[in-house]
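Here is a quick tour for anyone meeting this structure for the first time. Have a look at the picture, then read on for a few spots that are worth finding in it.

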Amino acid sequence: MTLKAEFYTDPEIFYELPKELFDDYFKELSIGAKVLYAILRFNGYRDELGIYCKLSVKALSEIMGCSEKSISRYKKQLSEYYLIVEQKQSNSTNKIYVNRV
């Protein structure tokens, strides 16, 4: 069967995972945390402090198809590697600043 051009009319959207996340320095970082990092960057906004995301733990668990406990664990791992910094917001979902690798 030959593939025709009309099969490619809808653009696919991908999360980008930086290659550096697979360097030795990040070898203890779980694949779930790496995927979460890509999702946070993809859904980010920019302000004077950098790129941030305002997705709740519940929303992130729905996107990734895992438990809220897993999301909290992944966020903790990313924080330990200084890949994210969470800024508390009163009456709102926290801002999660996503640092460069």
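Let's start with L83, which touches L21, F26, L29, Y37, L78, Y97, V98, N99, R100 and V101, leaving out residues up to four places away in sequence. Keep in mind that this is a predicted model. L83 sits in the loop between α3 and β3, and with a relative accessible area of 2% this leucine is buried. From there we'll move on to the salt bridges, a buried lysine, a surface patch and a pair of backbone angles.

**Around L83**

- Where does L83 lie? Look in the loop between α3 and β3.
- L83 counts as buried because its relative accessible area is 2%, and buried means under 20%.
- The contacts of L83 include L21, F26 and L29, and further along the chain they include Y97, V98, N99, R100 and V101.
- Want a distance to check on screen? The C-alpha atoms of L83 and E28 are 14 Å apart, and these two residues are separated by 55 residues along the chain.

**The salt bridges**

- How many salt bridges does the structure hold? There are three.
- One of them joins the side chains of K95 and D47, at 3.3 Å from N to O. K95 belongs to strand β4 (residues 95-98) and D47 to strand β1, so this pair ties together parts that lie 48 residues apart in sequence.
- Both ends of that pair are buried: K95 has a relative accessible area of 16%, and D47 has one of 18%.
- Another salt bridge is formed by K75 and E86, whose closest N and O atoms are 3.0 Å apart. Here K75 comes from helix α3 (residues 68-80) and E86 from strand β3 (residues 84-87), so to speak a link between distant parts of the chain, eleven residues apart.
- Are the two partners buried or exposed? K75 is buried, at 10% relative accessible area, whereas E86 is partly exposed, at 35%.
- K76 and E80 also meet through their side chains in a salt bridge, at 3.2 Å from N to O. Both residues lie in helix α3, four residues apart, which is about one turn of the helix.
- K76 counts as exposed, with 53% relative accessibility, while E80 is partly exposed at 47%.

**More about D47**

- D47 is part of strand β1, which covers residues 45-47.
- Besides the salt bridge with K95, the side chain of D47 makes a polar contact with the side chain of Y97, at 2.5 Å.
- Which residues does D47 contact once its neighbours within four places in sequence are set aside? They are Y52, K95 and Y97.
- Y97 turns up in two places here, then: on the contact list of D47 and on that of L83.

**A buried lysine without a partner**

- K34 is found in helix α1, residues 31-42.
- K34 is buried, yet it has no salt bridge. What is the nearest side chain of opposite charge, and how far away is it? It is D23, 9.0 Å away.
- That distance goes past the cut-off, because a salt bridge needs a nitrogen and a carboxyl oxygen within 4 Å.
- Not counting residues up to four places away in sequence, K34 touches L17, L21, F22, F26 and L29.
- Some names may ring a bell: L21, F26 and L29 are on the list for K34, and they are also on the list for L83.

**A nonpolar patch on the surface**

- I13, Y15, F42 and I63 together make a nonpolar surface patch of about 430 Å².
- One of these residues, I63, is found in helix α2 (residues 57-64).
- I63 is partly exposed, with a relative accessible area of 40%.

**Two positive phi angles**

- Most residues other than glycine have a negative phi.
- Y82 has a phi near 60°, a positive value. This tyrosine is in the loop between α3 and β3, and at 62% relative accessibility Y82 counts as exposed.
- N91 also has a positive phi, near 60°. N91 lies in the loop between β3 and β4, where it is exposed, with a relative accessible area of 86%.

How values were computed
Residues numbered from 1 in each chain as written. Predicted model: local features only at pLDDT ≥ 70, side-chain atom pairs only at ≥ 80, totals over all residues. Heavy atoms only, no water. Patch = residues over 30% accessible without salt bridge, like charges linked within 9 Å, V, L, I, M, F, W, Y side chains within 5 Å. Areas by Shrake-Rupley, 256 points an atom, 1.4 Å probe, with all protein chains shown as cover. Buried < 20%, exposed > 50% of the residue type's maximum accessible area, 1.4 Å probe, protein only. Polar contact = N/O pair within 3.5 Å; in protein donor to acceptor, adjacent residues only side chain to side chain. Contact = heavy atoms within 4.5 Å. Lys, Arg positive; Asp, Glu negative; His and termini not counted.
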